[in-house]
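Here is a friendly walk through one model, taking helix packing and charged pairs in turn. Keep the structure open beside you as you read.

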Amino acid sequence: MQHPMDFPGYDGFLGSRASFMLDVVVVAMLFVVAALCWSIYEVRYRKRYTLHKRIQLTLAAILLITVTAFEIDIRLYGWEDRSAGSIGGSATPTVWKALYAHLIFAISSACLWPVVTYRALRRFPDKPAPSTHSRSHVFWARLAAIDMLLTAVTGWVFYLLAFL
């Protein structure tokens with residue numbers, strides 16, 4: 001689907017009105033969720049603690065870089081014109097509600113993940129293994145993983161409502 005408007009910023013690659021960075025984030029979150037599930041499987045069922053640590057630190061770095069680039073793009077070019085389909089247009093109330101729902105999970109994830117990661121790095125040995133921190137880590141990491149999944153799902157809903 002091509003759109004005739006000349007929106008600010010770089011056009012995306014998924015065929016919607018979204019910008020390039022919005023498309024990057026939509027696709028990246030597919031990989032993040034898949035890698036997150038794989039990492040949890042590896043640590044829970046196969047006891048591969050070092051692999052889990054490496055995957056989580058890699059995901060944290062990827063998310064930091066992607067979200068930073070995305071935020072810069074949004075601050076420079078906005079998103080509402082693309083959502084409305086016209087320069088100077090406004091997003092619909094439904095799109096705003098979807099965005100607010102997404103932001104609840106995105107902001108809480110952005111706060112929770114660094115804390116869980118920091119505490120794991122400080123309280124587990126360099127070569128990860130079960131310890132006195134395990135019980136707390138499982139609780140908070142599970143919460144962070146659910147939060148990240150809900151961040152992705154609400155982000156995809158926002159994308160579909162706003163740009164298709």
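A residue is called buried when its relative accessible area is under 20%, exposed when that value is over 50%, and partly exposed in between. By that scale D11, with a relative accessible area of 41%, is partly exposed because its value falls between the two cut-offs. Please bear in mind that this is a predicted model.

**Charged pairs**

Side chains of opposite charge can pair when their charged atoms come close. How many salt bridges does the structure hold? There are four.

Let us start with D11, whose side chain meets that of R82 in a salt bridge, with 3.0 Å from N to O. This pair joins distant parts of the chain: D11 sits in the segment before α1, while R82 belongs to helix α3 (residues 80-84), and the two are 71 residues apart. Is R82 buried or exposed? R82 is buried, at a relative accessible area of 2%, whereas its partner D11 is partly exposed.

The next pair is E42 with R48, whose closest N and O atoms are 3.3 Å apart. Here E42 is buried, with a relative accessible area of 3%, and R48 counts as partly exposed at 37%. These two residues also belong to a wider arrangement, since E42, R46 and R48 are linked in a network of salt bridges.

E71 and R75 form a salt bridge too, with 2.9 Å from N to O. Both residues lie in helix α2 (residues 49-77), four residues apart, which is about one turn of the helix. E71 is partly exposed, with a relative accessible area of 29%, and R75 is exposed, at 65%.

For a quick look at these pairs, here are the distances side by side.

| Salt bridge | N to O distance |
|---|---|
| D11 and R82 | 3.0 Å |
| E42 and R48 | 3.3 Å |
| E71 and R75 | 2.9 Å |

**Helix packing**

Two packed helices are described by the angle between their axes and the distance between the axes. Helix α5 (residues 134-163) packs with helix α4 (residues 93-123) at an angle of about 150 degrees, and their axes are 8 Å apart. An angle over 145 degrees counts as roughly antiparallel, so α4 and α5 are roughly antiparallel to each other. The crossing of α4 past α5 is left-handed. Sorted by class, the contact between α4 and α5 has 20 nonpolar, nine polar and two charged residues.

Helix α1 (residues 20-45) also meets α5: their axes come within 10 Å and cross at roughly 155 degrees. That angle makes α1 roughly antiparallel to α5, and the crossing of α1 and α5 is left-handed. Which residues of α1 and α5 make the contact? On the α1 side they include L22, D23, V26, M29 and L30, and on the α5 side they include R142, A145, M148, W156 and F163. By class, the contact of α1 with α5 has 15 nonpolar, no polar and three charged residues.

**A loop residue**

Finally, have a look at G88, which is placed in the loop between α3 and α4. G88 is exposed, with a relative accessible area of 65%. How far is the C-alpha atom of G88 from that of S131? The two C-alpha atoms are separated by 56 Å, and the residues are 43 apart along the chain.

How values were computed: Residues numbered from 1 in each chain as written. Predicted model: local features only at pLDDT ≥ 70, side-chain atom pairs only at ≥ 80, totals over all residues. Heavy atoms only, no water. Axes fitted to C-alpha atoms, helices over the stretch in contact; angles between N-to-C directions. Parallel < 35°, antiparallel > 145°, perpendicular 65-115°, else oblique. Left-handed = near helix turned anticlockwise from the far one by under 90°. Nonpolar A, V, L, I, M, F, W, Y, C, P; charged D, E, K, R; others polar. Contact = heavy atoms within 4.5 Å. Buried < 20%, exposed > 50% of the residue type's maximum accessible area, 1.4 Å probe, protein only.
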